[in-house]
Amino acid sequence: MVTIYTGPKQYSISRTGLEVYRTDEKNFKPYESTGVVTNNSSSDDGEETTKTGYTLHQGKILDTYYYGEIFSTEHEYDYSDMSDSATLKLPSVDKKRFYKGVRVCLRKQWEAPGTTLKWSDLDPVLTGFITEQTFSEDSVSIKVPGMTTLLDQKFKFQFTQMKRSKILAEIIKTAGLTPVINVKGLDDDVTDFTNISSDSSSDSSDLAGGEGADIDSLVKQIVGSETNELKKCKLIHEWLKSNVRYSYYECSKYSSAAECLKHKSALNCADTARLTRAMMSSAGLNAYVVHRTTNGGHFWTIIEIGGKKYASDQTGDGSAFNTVWAASGRTTVSDGGSYTRKNGKNPDC
């Protein structure tokens, strides 16, 4: 066993090594960062090719390649805290083993005068992936962000009807880790997690409605696992009928459908139509706001399903599905008078 020198560093030599891993390719999954990254890799004929993005090789490690000759390293080195990033310059390398996305581990230790360190004596100071590299005639320069830096990146996922454990495993892989998940005794049901994004901002949504997380979450609760479009439409209509109350004021009062939801106890027909359209659209339905300028003037929502038009109108309490308010009372959508499609989210007067 080699005794590590603990005296003044100026009397010791810094020994650095880089481990490059070959992982189980069947576990490779592409996760492209939000920025565009250029990947210089080697083709079979030795010519370099350029690709967009890179694959993080986070599968099971099968082989390890050792690079003990390093021209220079730049990183914050501390035994008690692994570095978050490093820049290295090495001699020419085998491009079939050494390219963007490959998992690496940087090791370093101080060697006392008169001693010789073994590779196992070198402490790991950075574990990460090659994300940038530049080739020259006799060397290659690379950048290696550590796990902390990688976790700061944003990733998008598109999951449809997938088990919770599978979704969790895919998320864990973005950190370059191999997931081991035991769901024994837990409810590992199949859930529709369509278009989940790791950007958890409540001001935006990847769902069909695009009106914010509050509306999308509410609609999921209302429609549940229902897939029939007409039934989904009626479920949302009935929720609106039970929860929205009419209040008179001119035109639209609130800045968004999400704001209308917050003030659902006092909405006029314009803002009710805006909220209805957003909820119907969030459920994947083709919905839009219409405006009638005659017969009392009015806003409501039209939903087109299977080539037919249906109305959802919450003006007044206890509105029935597919009926529209008119000055003379309620009528069917076909008798609601001529109207103009507002073609959007803002039912301006």
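User: Over residues 193–207, under what value does pLDDT stay, and how many contacts beyond four places in sequence does the model have there?

Analyst: pLDDT is the predictor's confidence in each residue, from 0 to 100, and a contact means heavy atoms within 4.5 Å. Where pLDDT is low, the predicted coordinates should not be read in detail. Over residues 193–207 pLDDT stays under 50, and the model has 35 contacts beyond four places in sequence for them. Residues 77–81 also stay under 50, with 8 such contacts. This is a predicted model, in which local features need pLDDT of at least 70 and side-chain atom pairs count only at pLDDT 80 or more, while totals for chains, interfaces and linings use all residues. Residues are numbered from 1 along each chain as its sequence is written, and side-chain values use heavy atoms, with hydrogens and water left out.

User: What is the average pLDDT of the chain, and which elements have the lowest and the highest mean?

Analyst: The chain averages a pLDDT of 74, and 67% of the residues score at least 70. Elements are DSSP runs numbered from the N terminus: helices are H or I with at least four residues, and strands are E with at least two. The chain has 6 helices and 20 strands. Among its elements, strand β3 (residues 38–42) has the lowest mean pLDDT, 38, and α4 the highest, 93.

User: How many salt bridges does a search of the whole structure find?

Analyst: Side chains of opposite charge can pair when their charged atoms come close. A salt bridge is a side-chain nitrogen of Lys or Arg within 4 Å of a carboxyl oxygen of Asp or Glu. The search of the whole structure finds 6 salt bridges. One of them joins D63 and R22, whose closest N and O atoms are 2.4 Å apart. That pair links distant parts of the chain, with D63 in strand β6 (residues 61–67) and R22 in strand β1 (residues 13–23), 41 residues apart.

User: Are D63 and R22 buried or exposed?

Analyst: The scale is relative accessible area: buried means under 20%, exposed over 50%, and partly exposed in between (1.4 Å probe, protein chains only). D63 is partly exposed at 29%, and R22 is partly exposed at 35%.

User: Which residues form salt bridges within a helix?

Analyst: In helix α4 (residues 229–243), E238 and K241 are 3 residues apart, so about one helical turn separates them. Their side chains meet in a salt bridge of 3.1 Å, N to O. E238 is partly exposed at 35% relative accessibility, as is K241 at 24%. In helix α5 (residues 257–262), E259 and K262 are likewise 3 residues apart, about one turn of the helix. The closest N and O atoms of their salt bridge are 3.3 Å apart. E259 is partly exposed, with a relative accessibility of 24%, whereas K262 is exposed at 56%.

User: With which side chain does the side chain of Q109 make a polar contact?

Analyst: A polar contact is a pair of N or O atoms within 3.5 Å; within protein, one must be able to donate a hydrogen and the other to accept it, and residues adjacent in sequence count only if both atoms are side-chain atoms. The side chain of Q109 makes such a contact with the side chain of D123, at 3.1 Å. Q109 lies in strand β9 (residues 103–111) and is buried, with a relative accessible area of 5%.

User: How many aromatic pairs does the count come to, and why is the pair of Y249 and Y254 edge-to-face?

Analyst: Rings of Phe, Tyr and Trp (its six-membered ring) pair if their centres lie within 6.5 Å; planes under 30 degrees apart count as stacked, over 60 as edge-to-face and the rest as tilted. The count comes to 4 aromatic pairs. The rings of Y249 and Y254 have their centres 6.5 Å apart and their planes at 85 degrees, so this pair is edge-to-face. Y249 is buried at 13% relative accessibility, and Y254 is buried at 15%. For Y310 and F321, the ring centres are 5.8 Å apart and the planes stand at 20 degrees, so the pair is stacked. This pair links distant parts of the chain: Y310 is in strand β17 (residues 308–312) and F321 in the loop between β17 and β18 (323–326), 11 residues apart.
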